[in-house]
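Work through these short exercises with the model open. Try each task before reading its solution.

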Amino acid sequence: MVEQLLFDQENRDRIHSVENSFGPSGKPLSQPGRVLIGQGRLMKQSRRGTQPKVFFLFNDVLVYGSIILNGRWHNKQKIIPLEDIQLEDLADGMRMKNQWLIRTPRKSFYVAASSFEEKCAWMEHIKDCHSRILQNGGRRSTSTFAVTWIPDQASAICMRCSDKFSVTQRRHHCRKCGFVVCGACSTKRAVIGHIHPTKCLRVCTICHSSLESSTEAEAQEMSRLRGSSTEKTASDEDEVEGSCEEEEAEEQVEDHDPSTWMNSWSPYVYLKAEHVRPQT
């Protein structure tokens, strides 16, 4: 009983410490039954290159954020339910070693650890927690994931019209295919349900046409099932009227860590709380 109480108190203290590190902008993390499994830094591939991020693995969610003030404070908190996560092991790349892919419905991205052993530990513990959630009656694992964005530096030209990027010809990303495209090739907006159920997101012209065709096909199928006698034949020229809201705000560029983070690198710390928790 004493060991159980001691464990619960230490776990609460650890979670409270994580909450405080994100300051007032962070969301509360303390919940009944939530356990902090491990924490550490990983290199995350963003649109502007690789950046160090702090990651916290709980038994039900993965939390990460940007590092500020030499790692003492964090911001831009992201919380991902573990049942929504799919991992894919990857071979070493030219820019990132010990890397793997984290897929989620809203966002997919590459991360890399400082060693192969650390990579294996992260992947093993995330998969273990994911399996436990599903076995304990959690939501079904999703089968629809966001594409990974192609980094800005991967293309000097629009991947749709081949125009060169410049100071005035800015880079954008299609949320459907992840391609780097120019403004003219990404004027359209569309709802991508698994990313956001109602918000209209930036998409390239090709993906917009594909989404339009898919929407029309679904509408026609619904009309057929309802016994409509005025079914309309789809054509390439047909346009689907949308009630899209104003253009989403331009994606925020993640800040680079201002500190010399390599000098204070902290490897993955596996707390083993879930596995050594005292049995009552």
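**Salt bridges and burial**

Glu-88 is partly exposed, at 30% relative accessible area (buried is under 20%, exposed over 50%, partly exposed in between; 1.4 Å probe, protein chains only). The model is predicted: local features need pLDDT of at least 70, side-chain atom pairs count only at pLDDT 80 or more, and totals for chains, interfaces and linings use all residues. Residues are numbered from 1 along each chain as its sequence is written, and side-chain values use heavy atoms, with hydrogens and water left out.

**Exercise 1.** Find the salt-bridge partner of Glu-88.

*Solution.*
1. Apply the rule: a side-chain nitrogen of Lys or Arg within 4 Å of a carboxyl oxygen of Asp or Glu.
2. Arg-103 fits, with the closest N and O atoms 2.7 Å apart.
3. Place the pair: Glu-88 is in strand S5 and Arg-103 in strand S6, 15 residues apart. Strands are DSSP runs (E, at least two residues), helices likewise (H or I, at least four), numbered from the N terminus.
4. Arg-103 is partly exposed, at 24%.

**Exercise 2.** Is Arg-34 buried or exposed? Which residue forms a salt bridge with Arg-34?

*Solution.*
1. Arg-34 has a relative accessible area of 7%, so Arg-34 is buried.
2. The partner is Asp-60, with the closest N and O atoms 2.9 Å apart.
3. The two sit in distant parts of the chain, 26 residues apart.
4. Asp-60 is partly exposed, at 21%.

**Exercise 3.** Locate the salt bridge between Arg-132 and Asp-128.

*Solution.*
1. Both residues lie in helix H2, 4 residues apart, about one turn of the helix.
2. Their closest N and O atoms are 3.1 Å apart.
3. Arg-132 is partly exposed, at 31%.
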